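Here's a quick briefing to read alongside the structure. Have the model open and rotate it as you go through the bullets.

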Amino acid sequence: MDPFRRFSRDLRRAANNSVPTSTVSYLDLLAGRILTNAKKRTPVRTGALRRSGRIESRGSKGAPVRVVSFGGQGTGVQYAAAVEFGRFAPVGRQRGSTTTPQPYLRPALIEEMRRARPAMKKILNRNLQHLNKTYKGGI
């Protein structure tokens, strides 16, 4: 089989297989690191906010998405955003009450993304080397 046909066949197969399992595994690993880091930073009174942290899988097979979240429906914790971003209530029953922001998720995300860059670069280089070997530097 000529090299161009083989390359074309491999591209079709890759499109059919969508996202490589190594990418999905790396997303899971990165989401786990972000969650662990954020839980360490979460301010604790009762521990409910820390326990409410979770990873949600969304998206499709072709476009996997991992969401690290705290609080929300079904957790009994409705104040996660108020802790992360702070709060000011200008009207209503709690008028004038403020909460100072205590960021825990954003700093964890930033720190883990910085750590992830070298690993992502290494994975991409390995994949490029594999392609280079497979196609011997050309088609």
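Ala80 is buried, with a relative accessible area of 8%, a value under the 20% cut-off for that label. Keep in mind that this is a predicted model. Ala80 sits in helix H4, and from there we can work out to the core, the aromatic pair and the salt bridges.

**Around Ala80**

- Setting aside residues up to four places away in sequence, Ala80 touches Leu49, Phe70, Gly71 and Tyr104.
- Pro103 is 23 residues from Ala80 in sequence, and the two C-alpha atoms are 9.9 Å apart in space.

**The largest nonpolar core**

- This core has 15 residues, and those touching the most other members are Leu49, Val68, Phe70, Ala80 and Tyr104.
- At least two core residues come from each of H2, helix H4 (80-85) and H5.
- H2 provides the largest share, with six residues.
- Tyr104, one of the well-connected members just named, counts as buried at 2% relative accessibility.
- If you skip its neighbours within four places in sequence, Tyr104 is in contact with Ala38, Arg41, Thr42, Pro43, Leu49, Phe70, Ala80, Val83 and Glu84.
- Phe70 is buried too, with a relative accessible area of 9%.

**The aromatic pair**

- How many aromatic pairs does the structure hold? There is one.
- The pair is Phe70 with Tyr104: their ring centres are 5.1 Å apart and the planes meet at 80 degrees, so it is edge-to-face. The cut-off behind that label is an angle over 60 degrees.
- Both partners are in loops, Phe70 between strand S2 (63-69) and H4, and Tyr104 between strand S4 (98-99) and H5, so the pair ties together parts that are 34 residues apart in sequence.
- Ala80 touches both of these aromatic residues.

**Salt bridges**

- The model has seven salt bridges.
- One of them joins Glu111 to Arg41, with the closest N and O atoms 2.4 Å apart. This pair links distant parts of the chain, as Glu111 is in helix H5 (residues 105-135) and Arg41 is in helix H2 (residues 21-41), 70 residues apart.
- Buried or partly exposed: which label fits Glu111? Glu111 counts as partly exposed, at 23% relative accessibility.
- Arg41 is likewise partly exposed, at 34% relative accessibility. Arg41 also appears in the contact list of Tyr104.
- Glu111 has a salt bridge with Arg115 as well, where the closest N and O atoms are 2.6 Å apart. Glu111 and Arg115 are four residues apart in helix H5, so about one helical turn separates them.
- Put these together with Glu112 and you get a network of salt bridges that links Arg41, Glu111, Glu112 and Arg115.

**Glu56 and its surroundings**

- Another salt bridge runs between Arg58 and Glu56, with the closest N and O atoms 2.4 Å apart.
- Arg58 is partly exposed, with a relative accessible area of 46%.
- Glu56 lies in strand S1 (residues 54-60), and its side chain makes a polar contact with the side chain of Arg54 at 3.1 Å.
- Not counting residues up to four places away in sequence, Glu56 touches Val65, Arg66, Val67 and Ser69.

**The whole chain**

- What does the secondary structure come to? The protein has five helices and four strands, and from the N terminus on they run α-α-α-β-β-α-β-β-α.
- Of the 139 residues, 21% count as buried; Ala80, Phe70 and Tyr104 are among them.
- Take the contacts between residues at least 6 apart in sequence: 48% of them join residues at least 24 apart.
- The accessible surface comes to about 10200 Å², and carbon and sulfur atoms account for 56% of that.

Conventions:
Residues numbered from 1 in each chain as written. Heavy atoms only, no water. Salt bridge = Lys/Arg side-chain N within 4 Å of Asp/Glu carboxyl O. Buried < 20%, exposed > 50% of the residue type's maximum accessible area, 1.4 Å probe, protein only. Polar contact = N/O pair within 3.5 Å; in protein donor to acceptor, adjacent residues only side chain to side chain. Contact = heavy atoms within 4.5 Å. Core = buried A, V, L, I, M, F, W, Y, C linked by side-chain atoms within 4.5 Å. Areas by Shrake-Rupley, 256 points an atom, 1.4 Å probe, with all protein chains shown as cover. Phe/Tyr/Trp six-rings, centres within 6.5 Å; stacked < 30°, edge-to-face > 60°.
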